[in-house]
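Subject: Structure handover

Hello,

Here is the structure I said I would pass on. Please look it over before reading the notes underneath.

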Amino acid sequence: MWIGTSRGLSRFRPATTPLPNVPPPVVFTSVKLGDRTVDPSHSLEMPYLENSLHVRFAALTFVQESSVLFATDWRE
């Protein structure tokens, strides 16, 4: 990309700009316990018999969105 400056033309090459190596932040967009929608920003407790959990989440990035991968790490 060529950009006009006060000293003439300058060339910007986006392909040579290194991409950040920091993973994008992840946010919960909705959380449901059973049939009840809950606020994901609060601490949650759930009885054992109510064992249905549905979570939606998103990565906050606009850089190479199609290459964002999610992984789970279940620790007990």
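The notes below go from the whole chain to the sheet, then to one loop residue and a surface patch.

Please keep in mind that this is a predicted model.

Overall make-up

The secondary structure of the protein chain consists of 5 strands and 0 helices. Along the sequence this reads as β-β-β-β-β. Of the 76 residues in the protein chain, 7% are buried. The accessible surface is about 7,500 Å², and carbon and sulfur atoms account for 57% of that area. As for contacts between residues at least 6 apart in sequence, 43% of them join residues at least 24 apart.

The sheet

Three of the strands are arranged in an open sheet with the order β4-β3-β5 and antiparallel pairing. The edges are taken by β4 (36-38) and β5 (53-59); each has a single partner strand, so one side of each lacks a neighbour in the sheet. From one strand to the next, the twist averages 20 degrees. The pairing of β3 (residues 26-33) with β5 is antiparallel and runs over 7 bridges. Val31 has Val55 in β5 as its bridge partner.

Leu44

Leu44 sits in the loop between β4 and β5. Is Leu44 exposed or only partly exposed? Its relative accessibility is 40%, so Leu44 counts as partly exposed, given that exposed requires over 50% and buried under 20%. Apart from neighbours within four places in sequence, the residues in contact with Leu44 are Val31, Val38 and Asp39. Val31 is thus named twice in these notes, as a contact of Leu44 and as the bridge partner of Val55. Leu33 lies 11 residues from Leu44 along the chain, and their C-alpha atoms are 9.4 Å apart.

The nonpolar patch

Which residues form the nonpolar patch on the surface? They are Val26, Phe28, Met46, Leu53, Val55, Phe57 and Phe70, and together they have about 650 Å² of accessible area. Two elements, β3 and β5, give two or more residues to the patch. The most come from β5, with 3 residues. Leu53, one of the patch residues, is found in strand β5. With a relative accessible area of 53%, Leu53 is exposed, because the cut-off for that class is over 50%. Val55 also belongs to the patch, in addition to its bridge with Val31.

Regards

Methods. Residues are numbered from 1 along each chain as its sequence is written. This is a predicted model: local features need pLDDT of at least 70, side-chain atom pairs count only at pLDDT 80 or more; totals for chains, interfaces and linings use all residues. Side-chain values use heavy atoms; hydrogens and water are left out. Two strands pair if DSSP finds at least two bridges between them. Helices (H or I, at least four residues) and strands (E, at least two) are DSSP runs, numbered from the N terminus. Axes are lines fitted to C-alpha atoms, for helices over the stretch in contact, and angles run from 0 to 180 degrees between N-to-C directions. Buried means under 20% relative accessible area, exposed over 50%, partly exposed in between (1.4 Å probe, protein chains only). Contact means heavy atoms within 4.5 Å. Accessible areas come from the Shrake-Rupley method with a 1.4 Å probe; for residues, only the protein chains shown count as cover. Patches are made of residues with over 30% relative accessible area and no salt bridge: like charges are joined within 9 Å, nonpolar side chains (Val, Leu, Ile, Met, Phe, Trp, Tyr) within 5 Å. A salt bridge is a side-chain nitrogen of Lys or Arg within 4 Å of a carboxyl oxygen of Asp or Glu.
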